[in-house]
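Thanks, everyone, for making the time this morning. I would like to walk you through one model, taking a sheet, a helix and an interface in turn.

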Amino acid sequence: MNINYICSVDSVIRDVPMQLWELSTNDGRAGQGPEIVKLFHNKFFVYPSNFFDCYLSYLFPRYVYQNFSIIGLILFFLGIYFLVINKNIRILFLLLFAPVIMMLFFPSIYFTLIYVLIMVYGLVYSIINLKKYVQK
Amino acid sequence: MKIKIFFLLIIILASMLRIYKISSLPVSLYWDEVSIGYNAYSILKTGKDEWGAQSPLLFKAFGEYKLPAYIYTTSFFENVFGPSEIAIRLPSALSGVGTVILTFFLIVYIFDVLKNKDKLIDTFYSKKISFALISSLLVATSPWLIQFNRAGFEASLALFLTMLGLVFFFKAIKSGYIYFILSSLFFSVSIYTYNSSRLFTPLIIGALIILFRKCIPNFKVSLLIFIVSFVIFISPFLPTYFSKEGLTRVSGESIFQLKGNLVDNFIVNFVSNLDSKYLFFKGDTNLRHSVGQIGELFIWQLPFTIIALFLLARYRSKFAIFLLFWLLAAVLPVALSRISPHSLRGLIMAPVWQLICTLGFLYIFKKVSRLGFIFVILPIFLANFIVYQHTYYLHYPIVSAQDWQDGQKQAVLEIEKIQNNYDHIFVQRDLHFLYILFYSQYNPAYFQESGHNINKIGKYEYVNLPVDLPINSQRNLVLAVPDYNLAYRNAKLIKKIAMSNGDIIFYLYEY
């Protein structure tokens, strides 16, 4: 398995000052005063936005596909679907927590187990539902 | 009465967001827009395109072929406004306003058609008008749609026509099959408008027929009317549809041009369109297609969208399947092309994201108090919207000037002002010939007679600098990019031509 490393807490912290500088410069070129610049481009908005962006990049299809192939992607979404239908909050909570671990530490095979767990869940419940459907 | 006033306010807001400063923002006409503008002008004046072809169904441009609907529409607007930015961009902007209006009617008709036949619709039926109004409002304020509605993009018109096709399809189910003829007319014209529709429209028509067959009265007669009229409307275009010229753009931009495994490329392209960074944070990386710092959808829409996707999965109703099919069918043309994600080629999916978000919004709205809405959701929506407007009106003109080929217009207009003082005007290829044709309003008949000679247009002559400047005793004007030193011709710098962000793009010399 080839684990793609997308972003981390460090990379977000590194990027934000440069991003703020770029945004403020453009505001300056557009003739805006420092108050407007601070109002629209401050770290209280940019940091959370970038962290959230980074966090979600571990949950959306592209990341899952690139690391677990198309079968993994399908099973992953089936897993989430059945987790929601069955209201299995604990595993869903684990999934929501997984990107935090990925962002804090260099991803290792252990952390990807959460994704695998969801895929297995998706596979098992797909088979169970398929059996029920056939029996009907 | 309240509903009418609210709907009117949404239409006014949509119009303001699309038409205010439309000539100057985006900062310049891109060359595709100029090509549309000059061909429309040529059609208006001579009935022929820039190559001299009489009323063509495909317009040759830049080694590809443009579809005809937007160009003919623009020629009508140029008849009113003359060859100008507003004439090129207004059809797109009005299509955008039309899309907002049609979103309202689409929801109303779908709800009426599926009442008592669809669990999801029945759950939200009491909120039908709220659903329609909120969807329209979200379409009106969508950065994705505003971006393309404010420039001369054929995709805006294609989306409007597709929406018309959909609205009349549901109207026909409700009010009689005569409307199927109108539906098929608009669906077929959308195919004449934009390349993505050539794949999307047949798919969505197939889905409509299969999904709603039980809702259609006199199904066989209605289907016959719909299919026959569609074939009649599309038949003039069919030979060009499958011709080598008609497929040039499709094959040139197809996924087959990419290296690597085809299946892998397709899946990566497909899922890229559903990526969080693209949809909610950064948008399309091409600065003509997005403002660059804001997603195609607002960040606040993310939780509602996710909730709605779960709702769609849970209900698995006709309406849910229709929305999901619309979404996936709209991704397909993008996934099959070379560049993905691509917000322009995927524009047809923009309204469906707003419908999905509205579903999630109304579901949550049932569970939160009115105060929760006023103090939490509304301020977040307004904050997002104001930041977007700030970015669009202040940052975007600065960062995107080069992407919109700003400076070309200024160069031609500057030369036009002083051209009578000179015998020759020498220009570099960096000034594209279409800008000369369009902004000097060069007579299309002369250009056609010249055999599409792009080396000499009136007084303008293209030269390779610095070697090709002739030595003569006449008065010469030279337009060059800033890298060249023309001191050896004793040329005198008379003007620096800047883009609207202040960056210098050309020097004007005389010798």
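Let me begin in the middle of the sheet, where Phe426(B) stands opposite Val478(B) in β6(B). Before going further I should say that this is a predicted model, in which local features need pLDDT of at least 70, side-chain atom pairs count only at pLDDT 80 or more, and totals for chains, interfaces and linings use all residues. Residues are numbered from 1 along each chain as its sequence is written, while chains are lettered from A and ligands numbered from 1 in the order in which they are written.

Strand β3 (residues 424-427) of chain B runs parallel to strand β6 (residues 476-480) of chain B, and four bridges join them; His424(B), for its part, stands opposite Asn476(B) in β6(B). Strands here are DSSP E runs of at least two residues, and helices are H or I runs of at least four, numbered from the N terminus, and two strands pair if DSSP finds at least two bridges between them. β3(B) also pairs in the parallel sense with strand β5 (residues 460-462) of chain B, over three bridges, and there Ile425(B) stands opposite Tyr460(B).

Taken as a whole, this is an open sheet of six strands in chain B, ordered β4-β5-β3-β6-β8-β7, with mixed pairing. Its edge strands, each pairing on one side only, are β4 (456-457) and β7 (492-498) of chain B.

Turning to a helix, what span should α10 (residues 195-211) of chain B have at 1.5 Å a residue? The expected span is 1.5 Å times one less than the number of residues, so the 17 residues of α10(B) should cover 24 Å, and the end C-alpha atoms are 25 Å apart, which agrees. Among the buried residues of α10(B) are Phe200(B), Ile204(B) and Leu208(B), where buried requires 20 or more other C-beta atoms within 10 Å of a residue's own, with C-beta atoms placed from the backbone. The buried residues of α10(B) pack against α8 (154-175), α9 (179-191), α13 (248-252) and α17 (318-335) of chain B, with contact meaning C-beta atoms within 7 Å.

Finally, the contact between the chains takes 18 residues from chain A and 20 residues from chain B. On the side of chain A that touches chain B, α4(A) gives the most, with seven residues.

Notes
Two residues are in contact if their C-beta atoms, placed from the backbone, lie within 7 Å. A residue is buried if 20 or more other C-beta atoms lie within 10 Å of its own, exposed if 12 or fewer, and partly exposed in between; C-beta atoms are placed from the backbone.
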